[in-house]
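Me: I'd like to go through the labels in this model and see what earns each one. Could you set the values against the cut-offs for me?

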Amino acid sequence: MRATLAFLLLSVAMPLAGGPKLGVIEFPNSGSNDAQEPFLRGVLLMHNFEYDDAAVAFQEAQKADPDLALAYWGEALSHYRPVWGRENLEKGRAALAKGSDAGSATPREKLYLEAARVAFGEGGRKERWKRYSAAMGRLSDTHPEDLEARSLYAVSLFGVTETRRDTRTYMKIASIAEQVYAENPDHPGALHYLIHAFDDPIHAPLGLRYARRYADVASAAPHAQHMPSHVFLALGMWDECISSNLDSWKSSENRVKRLGLGSDDRGYHALWWLQYSYLQKGLMSDARKQLSIIEADVEQSGSRHSRNHQAYMRSHFLVDAGAWDADLKPVNDEGLDNRAWGANALAEGMRALKTGDPDRAREWHKKLRAKADEHGKKTTSLPVAALELEGLLLLESGNVEKGLSKLRAATELEEGTPFGYGPPFPVKPSFELLGEALLGLDRAEEALEAFETALSRTPKRALALVGLRKAAAAAGNNEAVSDAEMQLREYLSNVR
C-alpha cells in the first residue's frame, strides 16, 4: 500500500513533544509506508546540510522499498553541495545507477530523476550545475504546489554563482525561499536558504527573524544550530554568535559520540566561528582554549581538514589578539586550501614584522605573491593579502607613500570583491590595516575614514572599533569617540 499525503503529514509534522527536530515538509511520493520515515528524514537532513546522515537515511529507505526511485535520487543529491561548491561525482552517479531499475516512478518523480541525471551527467561541473538548476526551475514551474521543487530550485541557484555572492541571484533565491516560508514557516530549507541569501552586512537585518527561528525548527541538526550565526556575525552580535556556535559544537560532539565517528567529523566550522566571536569579545583565554582543541586534533590525525581549521584559528588568534609572541603550535601548510594557506602566510608575515624579523617577513611575502599569481583569480584574498604584506614591508623600510599606495590598492581590490560570510578573508581586513597604518603616521582624519569603511564591512569588529576610537580622539571628533566607546562597552568584555 502506497503512502498518502495524510500519512506524510502525520509522520513529519508531529515530532516528539520537546524533542529534537529537523523541520517539517510534505513530499508526496510513490514509496511504501515503511519507506516514508527514512526517506523524509533524508530530505530534511539534506535541507539542513547534514549530507552524510542524509545519505544513510536514503539508503534505509532503499532497503525498506527497493522500488522507490526517489530514495536513490536522494542519495545522489546528498553528494551535491552547491553552497559549498562541492560534489562527489562518482558517488552521485553510483547512487543513481543503483536505482536505474527501481519501480515505476510517477511523472513528477521522473522529473526529479531527470534533473539529478543532469547534475551528475556528462560535462564540466559548472555547466552541469547550470543545466540542473534550469531543470529544477522547470520542475518548479510545472508543479507550483510542490514546495520541495521550489526549495531545491532555490538552493541550486547558489551553485550557479560559483560560491560568489551575486546579489541579483541571491535576492532571487530569497524571493523563492520566502514564498516557501510563507506557506510553511517550519520548512528547514526555506529558513536555511534565506539565511544564506542574507548573510552579508547589508542584507543581514532582513535575515534576522529567520536566524532567530531556524535553530528551534531544526534543533536536531548541528549545522542548523550554527547557521543563525551567519546573520549574527554579519551584524556583530557576538553574544548570540557565541551561543549559536556553542550549541552547534555540543550537538556535533553528541553526534560524534552517538555514531562512534572520528575527530574529522567534529564541528570544526562552529569551533572556528566560536573562537572568532570570543576574540571580538576580548575573551582571549576562551579563544585560546578553542585553538587548543584543534591543535590536539591535528596532532592526532594530521588531516588536511583539521589543519585547514588550525590555520584559520591560529591566524585569527595571532592577528585579533595581537599575540605575536604566543607559543603556538606551527601549521603544516602542505596541501592546505588556498584561503587557509593565505591566512597562515599573512599572519606569519605580520608576526615576523612585529617581532623584528623583516627578512622572514619578506620570505613569506615572496611565497604569498607567488601563490596569489597562481590562484588569485579563484581566491581574491590571496592578492589582497600579498598587497597588505608588501605595504607593511615598505612602511617598515621607511618608504611611506609607496607602502600606503600598496595598502590602498589592497582596499580597492577587497572593496571590489563581493561580500563573503563569516570571519574575514584575508585574516586582516585591508581597510582596518590601512587605518592602523595612517593612525601610526598621525594622519587621523584619513585613518578615521578608513576605520569607518572597515566597520561597514565587518560590523562591530573589535580592532576596527578600537582604531576608530583612537582616530576619532586624535582628530578631535568627540561624537565619533562617544559612539565608539559605547559600542566597545556593549560588545567587548574588556575595553582595550
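**Labels and their cut-offs**

Me: What makes Glu-446 partly exposed?

Reply: Its relative accessibility is 31%. Buried means under 20% relative accessible area, exposed over 50%, and partly exposed in between (1.4 Å probe, protein chains only), so Glu-446 gets the middle label. Bear in mind that this is a predicted model, where local features need pLDDT of at least 70 and side-chain atom pairs count only at pLDDT 80 or more, while totals for chains, interfaces and linings use all residues. Residues are numbered from 1 along each chain as its sequence is written, and side-chain values use heavy atoms, with hydrogens and water left out.

Me: Why is the pair Arg-443 and Glu-446 called a salt bridge?

Reply: The N to O distance between their side chains is 2.9 Å. The rule asks for a side-chain nitrogen of Lys or Arg within 4 Å of a carboxyl oxygen of Asp or Glu, so the pair qualifies. Arg-443 is at 24% relative accessibility and therefore counts as partly exposed. Elsewhere, salt bridges with shared partners tie Asp-320, Lys-428, Glu-432, Glu-436 and Arg-461 into one network. By this rule the count comes to 35 salt bridges.

Me: How do you know that Glu-432 and Arg-461 make a salt bridge?

Reply: Their closest N and O atoms are 2.7 Å apart, which meets the salt-bridge rule. The pair links distant parts of the chain, 29 residues apart: Glu-432 is in helix 22 (residues 430-440), and Arg-461 is in the loop between helix 23 (444-457) and helix 24 (462-475). Helices here are DSSP runs (H or I, at least four residues), as are strands (E, at least two), numbered from the N terminus. Glu-432 and Arg-461 are both buried.

Me: And Arg-288 with Glu-295: which of the two is buried and which is partly exposed?

Reply: Arg-288 has 22% relative accessibility, so Arg-288 is partly exposed. Glu-295, at 6%, counts as buried. Their side chains meet in a salt bridge, with N to O at 3.2 Å.

Me: What makes the link between Glu-253 and Arg-266 a polar contact?

Reply: The side chains are joined at 2.7 Å. A polar contact is a pair of N or O atoms within 3.5 Å (within protein, one must be able to donate a hydrogen and the other to accept it, and residues adjacent in sequence count only if both atoms are side-chain atoms), so 2.7 Å fits the distance limit. Glu-253 lies in helix 14 (residues 238-259) and counts as buried because its relative accessibility is 16%.

Me: Why are helix 4 and helix 5 called roughly antiparallel?

Reply: Helix 4 (residues 69-77) and helix 5 (residues 89-98) pack at about 175 degrees, with axes 8 Å apart. Axes are lines fitted to C-alpha atoms, for helices over the stretch in contact, and angles run from 0 to 180 degrees between N-to-C directions. Under 35 degrees is roughly parallel, over 145 roughly antiparallel, 65 to 115 roughly perpendicular and the rest oblique, so this pair is roughly antiparallel. On the helix 4 side, Tyr-72, Trp-73, Glu-75 and Ala-76 meet Gly-92, Ala-95, Leu-96 and Lys-98 of helix 5, where contact means heavy atoms within 4.5 Å. These residues divide into five nonpolar, one polar and two charged. The classes are Ala, Val, Leu, Ile, Met, Phe, Trp, Tyr, Cys and Pro as nonpolar, Asp, Glu, Lys and Arg as charged, and the others, Gly among them, as polar.

Me: How do you know that Ser-78 is buried?

Reply: Its relative accessible area is 0%, so Ser-78 is buried. Ser-78 sits in the loop between helix 4 and strand 1 (80-81). Leaving aside neighbours within four places in sequence, Ser-78 touches Met-46, Tyr-51, Ala-54 and Ala-55.

Me: What about His-365: buried or exposed?

Reply: Buried, because the relative accessible area is 13%. His-365 belongs to helix 19 (residues 358-375), and its contacts beyond four places in sequence are Ala-386, Leu-389, Glu-390 and Leu-393.

Me: Last one: what is unusual to check in the backbone at Phe-49?

Reply: Phi of Phe-49 is near 60 degrees, a positive value in a residue other than glycine. Phe-49 lies in the loop between helix 2 (33-47) and helix 3 (51-64), and its 4% relative accessible area makes Phe-49 buried.
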